Amino acid sequence: MHCPDQQGIVAAVTTFLLLNRGNVTDLSQHVDRASARFFMRVEWELEGFAMKREEIEQQFSEAIGQPFGMQWKLSFSDKPLRLAIFVSKLSHCLYDILQRHVSHEWHVEIPLIISNHEELRPVAERFDIPYHVFPITKANKAE
């Protein structure tokens with residue numbers, strides 16, 4: 001979530017969760033002083049939460065989002081995120097991401113890998129992930 005920086009945001013969010021029997025498991029926040037914007041990510045357990053997941057969005061919007069002029073998104077961690085990977089020529093970061101995926105450290109789906117070079121196609125094929133190349137040349141770089 002993010003909004004103009006102002007007093008009481010953390011208290012309002014955590015009070016909302018407390019009043020609905022939410023147990024916070026992770027919370028990070030910061031203020032971008034240049035833009036005077038507040039950013040926050042919060043994760044909580046849904047077990048025992050006082051409202052159904054279909055109700056959370058509307059209730060949070062009315063109680064917190066609108067009063068603070070917030071832009072925010074609600075995601076549920078039991079649904080895997082879809083992750084497109086963009087690579088160039090070096091493989092170490094790609095292997096790290098793919099290992100985290102295969103070991104279930106990250107709960108994600110990886111439907112494709114996109115590159116501007118062919119070098120890492122064998123890695124994608126080894127993990128059975130479609131690999132798409134968009135070659136960049138001086139002639140098509142601006143496009």
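Buried means under 20% relative accessible area and exposed means over 50%, with partly exposed in between. With those cut-offs in hand, start the tour at the cysteines. Select Cys-93: its relative accessible area is 46%, so Cys-93 is partly exposed. Then select Cys-3, which has 0% relative accessibility and counts as buried. Keep in mind that this is a predicted model. A disulfide is a covalent bond between the sulfur atoms of two cysteines. The count of disulfides here comes to zero.

**Whole chain**

Show the chain as a cartoon. Four helices and eight strands are present. Traced from the N terminus, the elements follow the order β-α-β-β-α-β-β-α-β-β-α-β. The radius of gyration is 20 Å, well over the 15 Å that the globule rule gives for 143 residues, so the chain is more spread out than a compact globule. Along its principal axes, the C-alpha trace spans about 55 × 35 × 25 Å. Colour by accessibility next: buried residues make up 25% of the 143 residues. If you display contacts with a separation of 6 or more, 54% of them are between residues 24 or more positions apart.

**Helix 1**

Select residues 9–19, which form helix 1. Which residues of helix 1 are buried? They are Ile-9, Ala-12, Val-13, Phe-16 and Leu-17. Turn the view to look down the axis of helix 1: these buried residues fall within an arc of 130 degrees, so they line one face of the helix. The general background is that an α-helix has 3.6 residues a turn, so residues three or four places apart point the same way. Now rotate to the other side of helix 1, where Leu-18 and Leu-19 are exposed.

Add the surroundings of the buried face. The buried residues of helix 1 pack against strand 1 (2–4), strand 2 (23–32), strand 3 (37–45) and helix 2 (53–65). Helix 1 lies across strand 1, strand 2 and strand 3, and runs at about 20 degrees to strand 3.

**The loop after helix 1**

Move on to Asn-20, in the loop between helix 1 and strand 2. Is Asn-20 buried or exposed? With a relative accessible area of 14%, Asn-20 is buried. Show its contacts, leaving aside neighbours within four places in sequence: Asn-20 touches Gly-48, Phe-49, Ala-50 and Met-51. Then select Arg-21, just after helix 1, which takes a positive phi of about 60 degrees.

**The three-stranded sheet**

Select strand 1, strand 2 and strand 3 together. They form an open sheet with the order 1-3-2 and antiparallel pairing. Strand 1 and strand 2 are the edge strands, each pairing on one side only. On average, neighbouring strands of this sheet are turned by 20 degrees against each other, direction ignored.

Narrow the selection to strand 2 and strand 3. How many bridges join strand 2 to strand 3? Nine bridges do, and the two strands run antiparallel. To follow the register, select Asn-23, whose bridge partner in strand 3 is Glu-45. Val-24 has Trp-44 as its bridge partner in strand 3.

Finish at the turn. Strand 2 and strand 3 form a hairpin with four residues between them. Within that turn, select Ala-36, which has a positive phi of about 55 degrees.

Definitions and conventions
Residues are numbered from 1 along each chain as its sequence is written. This is a predicted model: local features need pLDDT of at least 70, side-chain atom pairs count only at pLDDT 80 or more; totals for chains, interfaces and linings use all residues. Side-chain values use heavy atoms; hydrogens and water are left out. Buried means under 20% relative accessible area, exposed over 50%, partly exposed in between (1.4 Å probe, protein chains only). The arc is that of the directions from the helix axis to the C-beta atoms. Contact means heavy atoms within 4.5 Å. A disulfide is a pair of cysteine sulfur atoms within 2.5 Å. Two strands pair if DSSP finds at least two bridges between them. Axes are lines fitted to C-alpha atoms, for helices over the stretch in contact, and angles run from 0 to 180 degrees between N-to-C directions. The radius of gyration is taken over C-alpha atoms; the globule rule is 2.2 Å times the number of residues to the power 0.38.
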